[in-house]
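Let's take a walk through this model together. Have the sequence at hand and get ready to turn the structure around as we go.

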Amino acid sequence: LKAVAGEADIGLHAPLTDQRPLGSMTFFAPDGRFPAMAAVYKAGLSHRLPLDEIRSEIERQMAAFIDHYGSAPSHIDGHHHIQQLPGVRDIVVEIAGRIGGGRTWVRSGREDLRVILERGVATSKALFIAMLGRSMRLRAQRRGIPVNKGFSGAYDFLHEARPLDELFNRFILRAGDNMLVMCHPGYIDDMPDGLDIMTAPREAELRYLMSDAWPALLERADLELGPL
């Protein structure tokens, strides 16, 4: 990834759901695996997360990133948007400010309500992400931490019938400077069933983003890809 560091931001995608922690978490992951997404969100939104354990785990993940990559990440975000949960967002913003010298940014799902409605894709999901992203954005701005401006890309991975070209055309609607479009391109491996619902959609997104259709869409919209 260092070979493209000048063209793309390389960041820490911190997990707190489904995967295995890098260290012992007596209360949060007593069996050696993070809880499912629904349980983490329920505890987070009711302010019942063991934040001391979570801080230690995110610190471990950050140390592992720096050890493997050789430098601090350009940004911090979270698997299943966990970086936006109450308590977790304060930890993420604090770490970003400490390790990045004012350059490490954090991801916010904040988006304008009118734009979400106009895009018309997974509206309820996008609104929920945006609601949590608002608090994330405010905390980052108060501490002088850079943050993206605008967010899209949520859709029903299992039941969405529209072709990806149409979806991404909607995702970039009203896009401006430093706007993020969430995507999940990759290859299907032997990950156990139930651990990740993003299987076939990963390869479908990869094919689309590697095709001529994606750069053609960007050109028509007068948009360019690049670091934040």
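Start with D90, which sits partly exposed at 37% relative accessibility. Keep in mind that you're looking at a predicted model. What does the side chain of D90 meet in a salt bridge? The partner is R139, with N and O 2.9 Å apart. D90 belongs to helix α3, while R139 is found in helix α5, which spans residues 123-142, so this pair ties together parts that lie 49 residues apart in sequence. R139 itself is partly exposed too, because its relative accessibility comes to 25%, and partly exposed covers what falls between under 20% (buried) and over 50% (exposed).

Now stay on helix α3, which runs over residues 88-99, and look for R98. Its side chain forms a salt bridge with that of E59, at 2.5 Å from N to O. E59 is part of helix α2 (residues 51-69), so here again a pair ties together separate parts, this time 39 residues apart in sequence. Are these two buried or exposed? Neither, quite: R98 is partly exposed with a relative accessible area of 44%, and E59 counts as partly exposed at 26%.

That pair has company, too. R55, E59, E94 and R98 are linked in a network of salt bridges. If you'd like to see it, pick out R55 and E94 along with the two residues you've just visited.

Next, let's move along to helix α6, made up of residues 164-171. Which residue forms a salt bridge with R170? It's E166, and the closest N and O atoms are 3.4 Å apart. Both partners of this bridge lie in helix α6, 4 residues apart, or about one turn of the helix. R170 counts as partly exposed at 28% relative accessibility, and E166 does as well, at 30%. Taken over the whole structure, there are 11 salt bridges, and the ones we've visited are among them.

To finish, leave the charges behind and look at something nonpolar on the surface. L45, F128 and M131 form a nonpolar patch there, and together they have about 270 Å² of accessible area. You'll find L45 in helix α1, which covers residues 37-45. How accessible is L45? Its relative accessibility is 39%, so L45 counts as partly exposed. Patch residues need over 30% relative accessible area, so with its 39% L45 clears that cut-off.

Methods: Residues numbered from 1 in each chain as written. Predicted model: local features only at pLDDT ≥ 70, side-chain atom pairs only at ≥ 80, totals over all residues. Heavy atoms only, no water. Salt bridge = Lys/Arg side-chain N within 4 Å of Asp/Glu carboxyl O. Helix = DSSP H or I, 4+ residues; strand = E, 2+ residues; numbered from the N terminus. Buried < 20%, exposed > 50% of the residue type's maximum accessible area, 1.4 Å probe, protein only. Patch = residues over 30% accessible without salt bridge, like charges linked within 9 Å, V, L, I, M, F, W, Y side chains within 5 Å. Areas by Shrake-Rupley, 256 points an atom, 1.4 Å probe, with all protein chains shown as cover.
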